[in-house]
Amino acid sequence: MENNQEQIQEIRKAYDHSEVEDRIYQRWMKKGYFHAEPDPSKKPYSIVMPPPNITGQLHMGHGLDNTLQDSIVRFRRMQGYETLWMPGTDHASIATEVKIVEQMKKEEGLTKEDIGREEFLKRAWKWKEEYGGRIVAQLKKLGSSCDWERERFTMDEGCNRAVKHMFVSLYNKGLIYKGNRIINWCPKCKTTLSDVEVNYEDQPSHLWNIRYDLEDGTGAVVVATTRPETMLGDTGVAVNPEDERYKDMVGKNCILPIMNRVIPIVADDYVEMDFGTGAVKMTPAHDPNDFEVAQRHNLEIIRVLDDEGRVNENGGKYCGMDRDVAREKIVEELREMGNLVSIEDYSHNVGKCYRCGTIIEPIISAQWFVSMKSLSKPAIEAVRDGRIRFVPDRYAKTYFNWMENIRDWCISRQLWWGHRIPVYYCKDCGKMVVSENDIFKCPDCGGEMYQDEDVLDTWFSSGLWPFSTMGWPEQTEELKYFYPTDVLVTGYDIIFFWVARMIVFGMEAMGEIPFKYVNIHGIVRDDQGRKMSKSLGNGIDPLKVIEEYGADSLRFSLAQGTSPGNDMRFYDSKVKAAGNFANKIWNASRFVAMNIKDNAISEDIEKLDLDISDKWILSRLNTVISEVTDNLERFELGLACSKIYDFIWSEYCDWYIEMTKPRLYEGTEDEKATALSVLVYVLKQALKMLHPIMPFITEEIYVEMLHAGESIMISKWPEPVEGFSFVKEESAMEEVMNIVRSIRNIRSQMNVPPSRKAKIYIATRDRENLEAAGDYIAKLAYGSEVEFHDSDFREPEGCAAAITTNSSSYIPLGELIDISKEIERLSKELASLKGEVERANGKLQNERFVSKAPEKVVQEERDKLAKYTDMLKATEERLHYMEGLI
């Protein structure tokens with residue numbers, strides 16, 4: 001170790017994140033610590049980053065997601081795995097195209113049609129180059145230790161090749177087809193949306209009851225609808241075959257009002273008898289259920305709304321009207337005709353575009369679909385048999401519910417930015433060719449070929465992400481070594497969008513699961529529990545938080561507040577508290593480094609002459625290492641953070657460092673060396689445990705202050721040491737700390753300053769072990785001396801008493817004590833202890849608690865009852881004694 005005086009003097013008094021973080025990150029990058037290569041001598045561990053959109057800026061969701069991933073990656077890297085964290089960004093078809101279109105309109109007054117597809121794509125790639133790297137730079141600010149040398153983009157050459165290969169493969173198996181189906185159409189974005197891209201909101205509206213007269217003049221049928229404007233495309237009326245009201249009408253025809261079209265009345269089980277009048281108008285071109293009924297009964301399909309949500313030429317005199325305006329006019333005309341029977345208030349779910357919020361329009365359209373039924377079966381089984389595990393496992397139910405009721409996936413989008421569908425058509429003979437390679441000449445007639453205008457749904461390429469990023473369809477060394485990946489860290493909001501599709505494609509393309517665990521986290525809400533949004537103005541910029549408090553403070557506050565699957569609230573106070581924690585660690589480390597100077601430090605701790613405090617801290621370190629390792633392996637970062645925090649702040653800083661000071665300042669050279677050696681050893685292990693969550697400050701202390709190695713991130717993860725298990729000493733020190741706290745509380749209540757020392761008598765059942773810590777009790781509890789006795793000791797008169805689990809401590813403060821105050825204090829303590837005994841008794845007498853709670857929890861409650869009962873008895877005796885002195 002380098003420990004010369006000049007270096008010691010250079011240790012800064014305060015930690016300055018702004019001076020440290022960029023410098024350290026650049027060093028990590030330069031050294032290539034984030035890079036991974038297939039290494040047969042090491043076990044692989046891999047994670048693929050959920051690729052953020054190139055339109056995106058870092059928000060708190062990214063902050064949480066990437067803090068969790070980076071913590072896992074750094075932990076596994078230190079455990080000795082060859083660890084790959086594959087980064088990349090997503091082209092985000094709709095979001096990016098909308099941004100560019102808006103920019104063109106605002107700055108130049110142009111539409112994409114004005115400049116044509118080729119020029120538009122040039123602009124899109126330029127936009128990607130200009131803005132696409134922004135979020136990558138922001139992720140680096142957070143400390144993300146991704147393998148940036150392998151950074152991918154969902155539209156890069158390799159990913160594009162993988163997309164084409166997958167499309168052609170599925171098509172050749174009959175799993176991709178083109179068909180006329182009802183699809184979700186956004187009139188504003190002018191593209192199709194998959195079912196999961198539609199957000200449903202309950203919205204107040206009306207139910208219009210309209211009379212359709214029978215063709216034979218014998219009566220009429222009244223239909224109920226929430227969309228009167230689509231009646232222009234009605235081609236039938238449906239009733240339930242069991243509905244007695246309409247038995248005689250089935251098979252007859254009725255007249256469609258306004259359009260005067262003759263349409264049939266059919267019977268179909270789809271119709272609910274108790275909805276409205278029990279008779280439903282059929283508009284097959286604008287409702288998926290009506291479309292299915294039309295297929296069964298050979299009803300005509302007439303589309304009456306165009307791509308912009310206006311009535312088309314099939315709507316007669318309403319042609320060209322916006323759908324909302326047409327609704328008002330049609331209702332007005334029905335009223336004038338006498339065909340509007342009634343209007344009822346009615347609330348129902350309305351589908352809206354997930355991107356822009358426009359009400360979607362179901363329309364009949366020729367689109368490309370993936371047949372999902374057969375593909376979903378292996379994906380369902382992979383989760384059901386445990387090859388893939390959701391954490392927490394309750395999200396498996398969400399997954400199963402979606403997958404077992406899955407519909408065919410519409411994958412074509414009417415956009416220009418994205419993976420263009422690899423299908424080619426002959427202009428002369430109409431021949432269709434599906435190919436991974438560009439086709440210019442028709443293989444049948446030699447005519448000119450043109451490519452399908454549509455692009456693929458963004459989630460198609462994202463679904464290939466775990467293996468396309470590693471070179472698939474080529475069987476690369478990376479793919480063989482790092483696939484399947486180990487864990488996917490993501491939010492619960494994209495289980496359908498992304499997680500399910502990756503599992504489907506992984507099973508289909510690789511014959512293997514894409515990841516072993518799906519670690520689901522919640523969303524970051526504001527301090528009032530609201531979702532962060534532009535409309536509420538409650539979004540918090542992580543970069544501003546990093547600028548003020550540092551990346552470590554932000555990361556620790558996010559990790560500490562999370563638990564798998566649950567939402568968390570963001571509090572500024574928690575970030576400040578994490579900053580205080582960083583300062584506490586810095587100051588403690590600085591104290592240790594300043595005391596090392598030229599002293600010899602031993603690495604062989606087991607051979608040192610350890611005292612009780614050394615054994616206690618080493619034993620506690622063992623326990624914390626075991627628990628934190630277990631927590632991280634279970635993705636319980638919040639619990640790991642709390643344990644590390646408590647160990648460093650309380651046990652190491654507040655207790656152990658204070659206990660070493662007498663040896664450091666007044667001890668022999670051997671005693672000083674032992675204390676320093678243990679101080680340094682425990683600090684290094686604690687820093688290693690903290691490193692995955694707070695990487696920057698731990699690196700700065702480890703390398704620049706302690707000179708402990710090249711980098712903490714490539715050091716070995718701590719493991720429990722068998723020789724450091726000191727059960728008796730650990731128990732004794734816990735009692736010592738309880739004694740010190742109790743005596744300090746008494747002195748504080750009586751306003752006795754630390755400078756006024758008094759003799760301390762301790763009656764205990766654990767005399768031998770406590771006597772070894774007598775000097776610590778004297779120093780920390782401000783005693784002039786400590787005298788130990790067996791538990792039956794009768795203390796001198798005029799003493800204040802501190803009752804702990806295994807001991808009773810007495811302080812003869814003499815004139816310093818106010819006996820009446822002591823009686824008052826004991827009375828309060830007695831009332832508190834009675835309350836605890838009653839509470840514990842109540843729980844243990846509750847049969848439901850005893851039978852339902854885990855045995856461990858019940859036993860803990862029994863132990864508490866025994867402890868509080870003993871303390872209550874001792875306090876009662878003490879109060880009785882003090883009252884006798886008055």
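Trainee: Where does Ile258 lie?

Mentor: In this predicted model, Ile258 lies in the loop between strand E10 (253-256) and strand E11 (261-267).

Trainee: Why is Ile258 called buried?

Mentor: Its relative accessible area is 15%, and buried means under 20%, so the value of Ile258 falls within that class.

Trainee: What makes the phi of Ile258 worth noting?

Mentor: Ile258 has a positive phi of about 75° although it is not a glycine, whereas most residues other than glycine have a negative phi. Lys190 is another non-glycine residue with a positive phi, of about 55°, and its place is in the loop between strand E5 (176-186) and strand E6 (191-193).

Trainee: Is Lys190 then to be called buried, partly exposed or exposed?

Mentor: Lys190 has a relative accessible area of 36%; partly exposed covers the values between 20% and 50%, so Lys190 is partly exposed.

Trainee: Which peptide bond leading to Pro392 is cis, and what is its omega?

Mentor: The bond from Val391 to Pro392 is cis, with omega near 0°, and Pro392 lies in the loop between strand E15 (389-391) and helix H11 (395-404). The bond from Trp472 to Pro473 is also cis, with omega near 15°, and Pro473 has its place in the loop between helix H13 (465-468) and helix H14 (477-482). As background, most peptide bonds are trans.

Trainee: How many aromatic pairs does the structure hold?

Mentor: The structure holds 37 aromatic pairs, and one of them is formed by Trp409 and Phe460, with 6.0 Å centre to centre and 40° between the planes.

Trainee: Why is the pair of Trp409 and Phe460 called tilted?

Mentor: Ring centres must lie within 6.5 Å to pair, which 6.0 Å satisfies; planes under 30 degrees apart would be stacked and over 60 edge-to-face, so 40° leaves the pair as tilted. Trp409 lies in strand E16 (residues 409-410) and Phe460 in helix H12 (residues 458-462), so the pair ties together parts that are 51 residues apart in sequence. Against the limit of under 20% for buried, Trp409 has a relative accessibility of 4% and Phe460 a relative accessible area of 0%, so each counts as buried.

Trainee: What makes the pair of Phe793 and Tyr810 tilted?

Mentor: Their ring centres are 6.4 Å apart and their planes are at 50°, which is again within 6.5 Å and neither under 30 nor over 60 degrees, so the pair is tilted. Phe793 lies in the loop between strand E27 (783-790) and strand E28 (800-803), while Tyr810 lies in strand E29 (residues 807-811), so parts that are 17 residues apart in sequence are tied together by the pair. Phe793 and Tyr810 are both buried.

Trainee: How do you know that Arg525 forms a salt bridge with Asp567?

Mentor: The closest N and O atoms of Arg525 and Asp567 are 2.9 Å apart, and the cut-off for a salt bridge is within 4 Å, so the pair qualifies. The pair links distant parts of the chain, with Arg525 in strand E24 (residues 524-525) and Asp567 in the loop between helix H17 (551-560) and strand E25 (568-569), 42 residues apart. With partly exposed lying between 20% and 50%, Arg525 at 22% and Asp567 at 32% both belong to that class.

Trainee: Which residue forms a salt bridge with Glu37?

Mentor: Glu37 forms a salt bridge with Arg150, and the closest N and O atoms are 3.6 Å apart, again within 4 Å. Glu37 lies in the loop between helix H2 (17-31) and strand E1 (44-48), and Arg150 in the loop between helix H6 (134-142) and strand E4 (152-153), so the pair ties together parts that are 113 residues apart in sequence. Glu37 is partly exposed, with a relative accessible area of 38%, whereas Arg150, at 15% relative accessibility, counts as buried.

Trainee: What makes Glu129 exposed?

Mentor: Exposed means over 50%, and Glu129 has a relative accessible area of 57%, so the term applies. Its salt-bridge partner is Lys128, with the closest N and O atoms 3.8 Å apart, and Lys128 is buried, with a relative accessible area of 16%.

Note on methods:
Residues are numbered from 1 along each chain as its sequence is written. This is a predicted model: local features need pLDDT of at least 70, side-chain atom pairs count only at pLDDT 80 or more; totals for chains, interfaces and linings use all residues. Side-chain values use heavy atoms; hydrogens and water are left out. Helices (H or I, at least four residues) and strands (E, at least two) are DSSP runs, numbered from the N terminus. Buried means under 20% relative accessible area, exposed over 50%, partly exposed in between (1.4 Å probe, protein chains only). A salt bridge is a side-chain nitrogen of Lys or Arg within 4 Å of a carboxyl oxygen of Asp or Glu.
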